[in-house]
2 protein chains.
Amino acid sequence: MSDEKSFHMTPDEFRRHGHAVVDWIADYHSRIESFPVLSQVKPGEIRASLPANPPTQGEPFDTLLKDVEKLILPGITHWQSPNFFAYFPSNASGPGILGDLLSSGLDVQGMLWSTSPACTELETHVLDWLVPMLGLPEKFLSSSTGGGVIQDTASSAVLCALLAARERATNYTSNQKGCNGRIVAYVSTQTHSSLQKAAMIAGIGADNVRAIDVDEKFAMRPEALARQIEADKLAGLLPCFVCATVGTTSSNAIDPIPEIARVARQHNLWLHVDAAMSGTAALCPEFRHLQNGVELADSYNFNPHKWMFTNFDCSCFWIADRKALIQTLSILPEYLRNQATESGAVIDYRDWHIQLGRRFRSLKLWFVIRYYGVEGLQHHIRRHVQLAQIFAHWVRDDEDFELAAPVPLNLVCFRHRAGDAANQTIMDRLNRSGDLFLTHTKLNGKLTLRLCVGQTNTEARHVEKAWNRIREEAEKLAASA
Amino acid sequence: MSDEKSFHMTPDEFRRHGHAVVDWIADYHSRIESFPVLSQVKPGEIRASLPANPPTQGEPFDTLLKDVEKLILPGITHWQSPNFFAYFPSNASGPGILGDLLSSGLDVQGMLWSTSPACTELETHVLDWLVPMLGLPEKFLSSSTGGGVIQDTASSAVLCALLAARERATNYTSNQKGCNGRIVAYVSTQTHSSLQKAAMIAGIGADNVRAIDVDEKFAMRPEALARQIEADKLAGLLPCFVCATVGTTSSNAIDPIPEIARVARQHNLWLHVDAAMSGTAALCPEFRHLQNGVELADSYNFNPHKWMFTNFDCSCFWIADRKALIQTLSILPEYLRNQATESGAVIDYRDWHIQLGRRFRSLKLWFVIRYYGVEGLQHHIRRHVQLAQIFAHWVRDDEDFELAAPVPLNLVCFRHRAGDAANQTIMDRLNRSGDLFLTHTKLNGKLTLRLCVGQTNTEARHVEKAWNRIREEAEKLAASA
């Protein structure tokens, strides 16, 4: 056969273009404060700038990079800006990005141990590291009955927990005979919407998700949970799962895990603890009291891709009884059979989540933990919490504003006393200005502003500027009233 | 507040370390043929080389990169080696890797249009590009009733298709009342295991998945499908979904879509077409006959992360009626409300898949399509198919070997005539030698070797070497018999 024509990028071209992309990212992070945080484009504006048809012939790489600058950047909402205070953070870091780049370069599939042993073993190892780092119970260690796995998102993690709970409650029948329409899952009114979505996906149905009432701190009322379970049992239903949250999305509320766990045990419910953002705080021993009772959980998840300097996606999920998960999700067709799997000596992570294929995600997490060290991570988490507490102090001391919820960590829920319309106007004007980006929620029916401190490079000056800008918009509003 | 202490990597440090990582990847790809393709480590070997505890203090970046070389590489099965012929390919490329690096650097969340408009609009645009590129029906265009979305894997894509089908069959009740245990899904005996897993996840249950018999080419028998549906209806069940495959994992069999579609329409079943690997072949008009009937599908997926030079993860999923999908998966909590969503003028992709969070995955796909151009992609796909056909020809002409299935594209299923033990020995010795990596399946109860040509840099010389090595092991076996 003859010499091969090739359209591929050669290693030397990759070297050259790769340096250019690295430099572009370094420059992007250096000038990130010059962009409006929230993209200012209108619907359809980005698409209108793109050619209607794909190119027949290849284009030079330089053109692609120029187009990212020219066509894509205007449509970016800058999650990596230190002036990003919206939602929950997505805080990337150099070691995380470069660990992920290595994962792309290796591009292995980790579905089975044998398809790349390092991909499985490093993941198990790093998730075992995190158990004592976060003060989690030993039963989550792979050397115990449990183990950890990296999922893409908390949505997928809670779906897996719910599925394992469903199967345990129905005695692993893998069908729904005898339990159809009878399975019930419990959350609070403040639990993340992913739980409701998971129940819909799992065929439990949104109607069979009970949203339990919360107290004045927006934490689940365990006595209300117990009452609802008893009512459901009397109605012939099959309560099977409850989710407690450490740091709800809306207001960072902390559910009382020990009391919820007591109810769960009494009624044989699976207890999942969702600490998607706030779990990172447990790196600091002084914040671990917020997750008191986590040793009673059947499963637990937190997302390093939110607050632990690890770019998306990376959601860590632990389970106390790994057999329950594997029994729920395992399928072994002939073309995946191999000696290592048959020996039982290895973990095959494809049985630990929804997907079959999986990326080498532990590389970036390993890089982040090693580059920062436990002390480096603790330093920055403490600093974020401190900055949020200072902000909360300013709100508390201001006669025009009020705090809308307790501030256990890095999220401040607050509002102008002039009511919903005023808060909406302040938020819209701030976001349109591009100076910062914050989002809202509703607490006790009132529109509430949320300021979440967690972006990698957010420092005192950014939080100070945010408060000054908020005050400024409030004063403008007062002047025009 | 005082100056800030920082453990972060500065942009200048990122530049320096980033160049080193890019160079490492370029070197890795240059010397990749020097590694054994299948990792030779034993279970536990990689973990044993890692420190038991995480570091308290941060470590220099250079140490991390050295450890990838020293501790991780031995545990890598080299999916990017041109001597990788196992499973389905995972074929990365320079433009794909660098597009993904930009995605990591921007690290935006694309859950809503407003959280980064470019992330949503580029994705819609590129998936619209692919519709004519692949000869897919116009109903899949976002300008029509349908639209495309990038999922992580085909497993998640088929789960979404099945969920939309389940909801349509039960009239979007979002619960299972009235249909519990009655929903039935249809696949063939050769359909990918992800369908069975999806049915378990969706609460349909493995017992309610019917594996329809196949013909001598391992393609689903439409008449057997029709008979099974009728029997299930007579038994009071609710047939709702059928999956046809273009290129099964086991043997690359092509299900007869037009006949399956006819049965599906008659009984009001949702028709999903799974073309995870082989869908890429449709870039070349001469291979499109393999997907005849795709215009009758309700949904369709293929994975650029398999055979289209795009690193994992990137699975493209189209649906003819996007409302069916959105109605199934939509949840809108207060903290995600925003003007763009309320206006109805935008796509919010979080309603198109299981997860809430989502990465800017279209960047890498855009880069691949633009860097290669349609002609460049076609060139390499044609060449892979040609190499597989030449290999099949050698097998056909060899008296010791036989083909075990038709070879429509780039996967050759073959076996030594001496039986299962001989084939197992040949495969084990080849894989242990590190010279190449291939895997097996069972067809008609017989162990069958699979050689899949699809790695980015696989050329004639690699396929020639593979055949020579296979012959060599066969001769050794004959000599020792």
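User: How do you know how chain A can be laid on chain B?

Analyst: By superposing them. A turn of 180 degrees and a shift of 0.0 Å along the axis lay chain A on chain B with an RMSD of 0.0 Å. The two copies are thus related as by a two-fold rotation axis. The fit is by least squares on the C-alpha atoms of residues with pLDDT of at least 70 in both copies. This is a predicted model: local features need pLDDT of at least 70, side-chain atom pairs count only at pLDDT 80 or more, and totals for chains, interfaces and linings use all residues. Residues are numbered from 1 along each chain as its sequence is written, while chains are lettered from A and ligands numbered from 1 in the order in which they are written.

User: Why is it said that the copies meet through the same surface?

Analyst: Because 99% of the interface residues of chain A are also interface residues in chain B. The contact takes 131 residues from chain A and 130 residues from chain B. Residues are in contact if their C-beta atoms, placed from the backbone, lie within 7 Å.

User: What makes Leu325(A) count as buried?

Analyst: A residue is buried if 20 or more other C-beta atoms lie within 10 Å of its own, exposed if 12 or fewer, and partly exposed in between; C-beta atoms are placed from the backbone. Leu325(A) has 24 C-beta neighbours inside 10 Å, so Leu325(A) counts as buried. Leaving aside neighbours within four places in sequence, Leu325(A) is in contact with Cys160(A), Ala164(A), Ile319(A) and Trp352(A). The place of Leu325(A) is in helix H11 of chain A. Helices (H or I, at least four residues) and strands (E, at least two) are DSSP runs, numbered from the N terminus.

User: Why are H6(A) and H11(A) called roughly perpendicular?

Analyst: The axes of H6(A) (residues 154–169) and H11(A) (residues 322–329) cross at roughly 90 degrees and come within 9 Å. Angles of 65 to 115 degrees count as roughly perpendicular, under 35 as roughly parallel, over 145 as roughly antiparallel and the rest as oblique. H6(A) and H11(A) are therefore roughly perpendicular to each other. H6(A) brings Cys160(A), Leu163(A), Ala164(A), Glu167(A) and Arg168(A) to the contact, and H11(A) brings Ala324(A), Leu325(A), Gln327(A) and Thr328(A).

User: How do you know that helix H7 of chain B is largely enclosed?

Analyst: Eight of the nine residues of H7(B) (residues 193–201) are buried, so H7(B) is largely enclosed by the rest of the structure. Among them are Leu195(B), Lys197(B) and Met200(B). H7(B) is followed by Gly203(B), whose phi is positive, near 80 degrees.

Terms used
Two residues are in contact if their C-beta atoms, placed from the backbone, lie within 7 Å. Axes are lines fitted to C-alpha atoms, for helices over the stretch in contact, and angles run from 0 to 180 degrees between N-to-C directions.
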